[in-house]
Amino acid sequence: MSVLSLLQDVKITKVENANVAGAADIVCDSVDMCGYRGVLFFTTPGTITSGAATSIKVQQSSDDAVADAWSDLTGTSITIADDDDNQIFGVEIIEPGKRYLRPSILRATQNSVFGEVYAVR
């Protein structure tokens, strides 16, 4: 029987530092999916001001936006309610169509705080 070791079989990368209260979008670093079948991006919002319009989406590019601009990956957007403070939110992508992926956190109308964003490939 083979033993699965999570720490040996996955790569964990921080793609964004924690962000203070604000209404500006957060564009995270990209990850190269070469050699990986899937990725889970996850984060934890802190305080979200009532009325904030907040969501997470994943974007893709075949060459890390050298010639192929970032485009939204259909079906990856998650809305975060203004009462979802201190929850964990994640988006999982299996067998992406393009080599590079990055999450973006969209913040509008009111302030929201976000912790670090991680990729687990």
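Asn-86 is exposed, with a relative accessible area of 60%, because the threshold for that label is over 50%. In this predicted model, Asn-86 sits in the loop between β8 (78-80) and β9, and the residue has a positive phi of about 60° although it is not a glycine. The points below begin with the loops, then turn to the strands, the nonpolar core and the enclosed space.

**Loop residues**

- Asp-64 shares one backbone feature with the description of Asn-86, for Asp-64 too is not a glycine and yet has a positive phi of about 60°.
- The place of Asp-64 is the loop between β6 and β7 (71-72), and with a relative accessible area of 34% the residue is classed as partly exposed.
- Asp-68 is likewise found in the loop between β6 and β7, but Asp-68 is counted as buried because its relative accessible area is 18% and the label applies to values under 20%.
- The side chain of Asp-68 makes a polar contact of 3.1 Å with the side chain of Lys-98.
- When neighbours within four places in sequence are left aside, Asp-68 is in contact with Ser-61, Ser-62, Asp-63 and Lys-98, so Lys-98 appears both in this list and in the polar contact.
- Ala-18 belongs to the loop between β1 (12-16) and β2 (19-22), and its relative accessible area of 48% makes the residue partly exposed.
- Leaving out residues up to four places away in sequence, Ala-18 touches Phe-114, Gly-115 and Glu-116.
- Ala-18 and Phe-42 are 24 residues apart in sequence, while their C-alpha atoms are 12 Å apart in space.

**Residues in strands β9 and β10**

- Ser-104 lies in strand β10 and counts as buried, because its relative accessibility is 3%.
- A polar contact of 3.3 Å links the side chain of Ser-104 to the side chain of Gln-59.
- Beyond residues up to four places away in sequence, the contacts of Ser-104 are Ile-26, Val-27, Ser-55, Ile-56, Lys-57 and Gln-59.
- Leu-106 is also found in strand β10, although Leu-106 is partly exposed, with a relative accessible area of 26%.
- Once its neighbours within four places in sequence are set aside, Leu-106 is in contact with Asp-25, Ala-53, Thr-54, Ser-55 and Lys-57, and Ser-55 and Lys-57 also appear among the contacts of Ser-104.
- Leu-106 and Gly-90 are 16 residues apart along the chain, and 14 Å separates their C-alpha atoms.
- Ile-94 is found in strand β9, where a relative accessible area of 41% makes the residue partly exposed.
- Apart from neighbours within four places in sequence, Ile-94 is in contact with Arg-37 and Gly-38.
- Ile-94 and Ala-108 are 14 residues apart in sequence, and the distance between their C-alpha atoms is 29 Å.

**The largest nonpolar core**

- In soluble globular proteins, nonpolar side chains tend to be buried together.
- The largest nonpolar core here has 21 residues, of which Val-31, Val-39, Phe-41, Val-58, Ile-93 and Leu-101 touch the most other members.
- Two or more residues of this core come from each of β5, β6 (53-61), β9, β10 and β11 (112-120).
- Val-39 touches Met-33, Val-91, Glu-92, Ile-93, Leu-101, Ala-119, Val-120 and Arg-121, not counting residues up to four places away in sequence.

**The enclosed space**

- Rolling a probe the size of a water molecule over the atoms shows where empty space is left.
- The count comes to 1 cavity of 30 Å³ or more, and the largest cavity has a volume of about 40 Å³.
- The residues lining the largest cavity are Phe-41, Phe-42, Thr-43, Ile-56, Phe-89, Gly-90, Val-91, Pro-103, Ile-105 and Val-117.
- At least two residues of this lining are supplied by each of β5 (38-48), β9 (89-94) and β10 (100-108).
- Sorted by class, the lining of the largest cavity has 8 nonpolar and 2 polar residues, with no charged residues.
- Phe-41 is named both in the lining of the largest cavity and among the residues that touch the most other members of the largest nonpolar core.

How values were computed: Residues are numbered from 1 along each chain as its sequence is written. This is a predicted model: local features need pLDDT of at least 70, side-chain atom pairs count only at pLDDT 80 or more; totals for chains, interfaces and linings use all residues. Side-chain values use heavy atoms; hydrogens and water are left out. On a 1 Å grid over the protein atoms alone, a cavity is a set of points where a 1.4 Å probe fits but cannot get out, and a pocket is an open set with protein on both sides within 12 Å along at least five of seven lines; lining residues have an atom within 4 Å of a point. Grid points are joined across faces, edges and corners, and a volume is the space filled by probe spheres set on the points. Helices (H or I, at least four residues) and strands (E, at least two) are DSSP runs, numbered from the N terminus. Ala, Val, Leu, Ile, Met, Phe, Trp, Tyr, Cys and Pro count as nonpolar, Asp, Glu, Lys and Arg as charged, and the others, Gly among them, as polar. Buried means under 20% relative accessible area, exposed over 50%, partly exposed in between (1.4 Å probe, protein chains only). A polar contact is a pair of N or O atoms within 3.5 Å; within protein, one must be able to donate a hydrogen and the other to accept it, and residues adjacent in sequence count only if both atoms are side-chain atoms. Contact means heavy atoms within 4.5 Å. A nonpolar core is a set of buried Ala, Val, Leu, Ile, Met, Phe, Trp, Tyr and Cys residues joined through side-chain atoms within 4.5 Å.
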